[in-house]
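Please open the structure in a viewer and keep the selection panel at hand. The tour below proceeds stop by stop, stating what to select and what is found there.

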Amino acid sequence: MNSAARHPGARRGLTLVELLIALMITAMMGLAIGSMMTMVGSATGRDSVERTALLRAHAGQVRLRAYMDNALSILQHDKDTQATVIWLYDKLVTDSVNLREIRLLTVADGLVTVEWVAFPENWSPTMQDAADVVLPSDSDFIAAMAAQRALGQTKSTTLLNHVQDGSWALSAASPQDAERARLTLTLDAEGSPVQALYAFGLKDHTIPE
Amino acid sequence: MHPSSPRSTAARTRRGFTLLEALFGCVILSVTMLALGVAVSAGQRASIDSQKAVLGAMAVDDMLAELATVPYASLAGYHGFSQAVGAIESIDGDPYPAPFWCVGRRVAAVEQEIDVPSLGVKVRGMAVIATAFDEVRDVAVAEVFIPEPAE
Amino acid sequence: MNKLPNDMTSSPRPEGAARADQRRGVAMLLALCAVATVTIVTASYVASRESAPLIGDNALHNVVAKWANTSAGDLAVAALETGLDPASLADPAKFMDSMTVAGADVKVSVTDANGDPPPADATEVVVTITATKDGLTSTSQRIVKLPPQEEPVGDALDPELNEFGVYARSWLTVESGAVLGPWQVCPNPLGDVNVGLGFTSDSALEVSASAGLVSTKLFVPSAAASTLKARIGSGGFAGGAVLPDGVPLLGDPVPSQYATSTVQTLTGLILSLSSRLLNAGTYQDLTITSSKVITMSGSPAFYSCNDLIIENSGVLLISGDITIYVRDDLVVQSLGAIELADASSRVRIIVTDDLTVDNGGVGVSRTVARDANRAVWSAAYIDPSRVQIIGLSSAQGGTVGANYYIRGKSVVCAAIHSPNANIDVSGSASLAGRATADVLRVRTGSCVMVDASLNKQTGFTVADGPLYKSAGVLKDSVATVLSNITASTTIADLEATMAVAFATDDSVKVEPVDGDVTPRTADSAQSTTWPAAAMALEEAAIGGSTKGMLFDVATLTASAEVVE
């Protein structure tokens, strides 16, 4: 005869109530732990996305500053396309803008790019300098860059990607008079856009001849 | 031979935890959860502080870049310039977007003379110090020395 | 006999108790596993966040280093603006070494475009700045243009225009058979004779085709007619150039000694009885005649008279350093002479009105003067600057259009500077020295023999001389001085202005007062920042060199210089 039969009051197992209580407690604890983990996970994930966007914004600022901090002038700005031409340095003919001295900054197709004139490498320095014509201050610099692009004599590189849109604000009505500029970018951060604003100062501002 | 009593057998084989064991278990679990929680929040705080540091660095960089274009004679007027946390704007009045909610900025501009003994020259100029801060502390400080314009 | 409940010796443990013991052991194991798992997860999470503060610090230190770099660069340029010559430093590579500027450690070096120490005459240097903050380094380069090391102006500007053999403000005539050329007995007989003109019309330059122009160069004003400019290097002129505006034509002021000099006579004095020493002071008309030798002596000594007439073999003997202010006319005639007593004697004669040397001699011995057949080659050489005949400034009473006649085979060895006078050399007379006049006429048979050694080769006729900062462009300090000349400016005024203006020449570094900041001038250094970071980005984008953030300035600089 087994012990359960001998001791009917001490049979093994849980009563239904005990089982239900145990299940409830287990479920509550699981829920608590699970929600905490989910919260941690989502916070970590969100934090990571925001941090990535911020770091990307910072990297973009560093790369854009490489151009804007040293720029002598903002030569032209197209309000519709937000294309902006800057005069990066003045080497060949003093106080005048030469083709190779300009840079075209564009915000389009999710990218911030910089484009510059680069003559074929097989040209001699004399040929390159001869082709590096002076552009009067009232030139259409964007068109000049487009003409060089059509000849295949430009190169470009990306300064920043995952950019939804951007817009410039200048400190003067005429771009060539502006000593300061602001660029507002909207960066794509996995569905939640992050805005960044960069303020630039042209401390070597020069008005071209 | 007498068999053990049913009561003492039942007492020895009773399933479950004693109160003490349950309490010990709860304490261990609590401590573990507490440690986890503390670690997570510390990590979160470090992350937020890092983001503030980056934002602060960007904000002071912008401030100094803009002040570099201000005429030298006007720099002293920026001494004490301050923008509250979450309300920073460019010099020309453009407000900074949402990510910059957590920092404010202030500027100190003081006249300074720098001696360069190896060259035997002394140059007067303005030390411009830009500071980004949150509600509690300064998160970023950078400065620039702008020499007085030559004649 | 009762047994203790746990007395196991009498019977084996029940099965349930053993199972319970087993379950407790498993529970402990499960708990330990859970704790270990949580610990690992937490530790990894915390570790992942450890980099966060470093990222923030990184961003900030980059900003600090960048602005310290800018500060150090501006400071270096400011140091160059003091006129400091980097070539004079013991080690330009350590232009600024281990300084703390704007919160970071900075180093600055100054080199030429090839990275070598800059030469002494460098007009362009490369300033390389490195700033380090907590291990993060920012590097940049600037190209700094330095002004060419200029010769000090000093006394290069000569108000008496000794660089010109002749200078005619309104008219120049050299007739057929007249000679204009170097004085053969002067120390520089092969030197050029610079002929300067103050007029713009071609018709005012009358040079006969058979005039004797020897080693002459023609210098005309910038506004001269093209036909006049075309005569440079032709028609007997061997060369020349266009002069800048503002060549000064000034007269002397009334000598300051006049106001306080002793009045010796109140009436005219005719010195005909005996040769004697004349006391310094103010006289009325003075006439030296009848072969008498009247000596003016002193070092210095001042004499003044109305008319000064030396005639009939009379001799005015100059001994020492003498200034004579002739308030009216100077006449040397009829074998009269103005003679220098010895090699150290000199005379400056300020003439208010006319001058006539007719059959006499000035600056020659009495022997030559008393020889009616005298000729310039019979006169020994004297430095013409020892006999100066200066017209009084018109603003102070000098006669505009005064007539200077040198005629009757006279020989005058002098430096004449009378921008308001009409000088007429005729009658086989000779002027040896130089002349500045309003109108200058050299008639047939007469000659003007120029002492080319009077030309210090530093004036307006030297395009790369100390008066110019570049070809044809006067230095700013010189242009300023000349632009401030007015109708009332005298030679003395100009000399006083020059002494001040050219003493603070830009090319001279001004030593600061102890404790004060060092003075700087913007023209002493002009800097542009080379966009090294942008160029490095572009080079990396096209797969170019991997020079990192510091771009090779020498490559771009050299390519530009090839074209230039």
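Begin by selecting Gly543(C), just after helix H6 of chain C; in this predicted model, Gly543(C) takes a positive phi of about 70°. Extend the selection backwards to H6(C) itself, residues 532–541. Buried positions in this helix are Ala532(C), Ala533(C), Ala534(C), Met535(C), Ala536(C) and Glu538(C).

Next, display the whole of chain C. Its secondary structure comprises seven helices and 31 strands. Of its 564 residues, 44% are buried. Considering contacts in chain C between residues at least 6 apart in sequence, 58% join residues at least 24 apart.

Remain in chain C and select the helices H4, residues 476–483, and H5, residues 491–501. How do the axes of H4(C) and H5(C) cross, and within what distance do they come? The two axes come within 11 Å and cross at roughly 155°. Because angles over 145 degrees count as roughly antiparallel, H4(C) is described as roughly antiparallel to H5(C). The crossing of these two helices is right-handed. To view the contact, show Ser477(C), Thr480(C) and Val481(C) on the H4(C) side, together with Thr497(C), Met498(C) and Ala501(C) on the H5(C) side. By residue class, this contact divides into three nonpolar, three polar and no charged residues.

Two backbone details of chain C merit separate selections. Select first Ser299(C) and Pro300(C): the peptide bond from the former to the latter is cis, with omega near -5°. Pro300(C) has its place in strand S16, residues 293–305 of chain C. Then move to Ser98(C), in strand S1, residues 96–101 of chain C. Ser98(C) is not a glycine, yet its phi is positive, at about 50°. Is Ser98(C) buried or exposed? With 9 other C-beta atoms within 10 Å, Ser98(C) is exposed, since 12 or fewer such atoms place a residue in that class.

Turn now to chain A and select strands S1, residues 73–77, and S2, residues 84–87. S1(A) and S2(A) pair in the antiparallel sense over four bridges, and Ile74(A) stands opposite Ile86(A) in S2(A). The two strands form a hairpin with six residues between them. Within that loop, select Gln82(A): its phi is near 60°, a positive value in a residue other than glycine. Gln82(A) is partly exposed, with 16 other C-beta atoms within 10 Å.

Keep S2(A) selected and inspect its two faces. Thr84(A) and Ile86(A) lie on one side, Val85(A) and Trp87(A) on the other, and all four are buried, so both faces of the strand are covered. Add strand S4, residues 102–108 of chain A, which pairs with S2(A) in the antiparallel sense over four bridges. Here Trp87(A) stands opposite Ile102(A) in S4(A).

For the last stop, show chains A and C together. Their contact takes 18 residues from chain A and 17 residues from chain C. On the side of chain A that touches chain C, helix H2 (16–68), helix H3 (125–131) and strand S7 (154–160) each supply at least two residues. H2(A) gives the most to this side, with five residues. Coloured by class, the residues of this side of chain A divide into eight nonpolar, four polar and six charged.

Key: Residues are numbered from 1 along each chain as its sequence is written. Chains are lettered from A and ligands numbered from 1 in the order in which they are written. This is a predicted model: local features need pLDDT of at least 70, side-chain atom pairs count only at pLDDT 80 or more; totals for chains, interfaces and linings use all residues. A residue is buried if 20 or more other C-beta atoms lie within 10 Å of its own, exposed if 12 or fewer, and partly exposed in between; C-beta atoms are placed from the backbone. Two residues are in contact if their C-beta atoms, placed from the backbone, lie within 7 Å. Ala, Val, Leu, Ile, Met, Phe, Trp, Tyr, Cys and Pro count as nonpolar, Asp, Glu, Lys and Arg as charged, and the others, Gly among them, as polar. Two strands pair if DSSP finds at least two bridges between them. Axes are lines fitted to C-alpha atoms, for helices over the stretch in contact, and angles run from 0 to 180 degrees between N-to-C directions. Angles under 35 degrees count as roughly parallel, over 145 as roughly antiparallel, 65 to 115 as roughly perpendicular and the rest as oblique. A crossing is left-handed if the near helix is turned anticlockwise from the far one by less than a right angle, and right-handed if clockwise.
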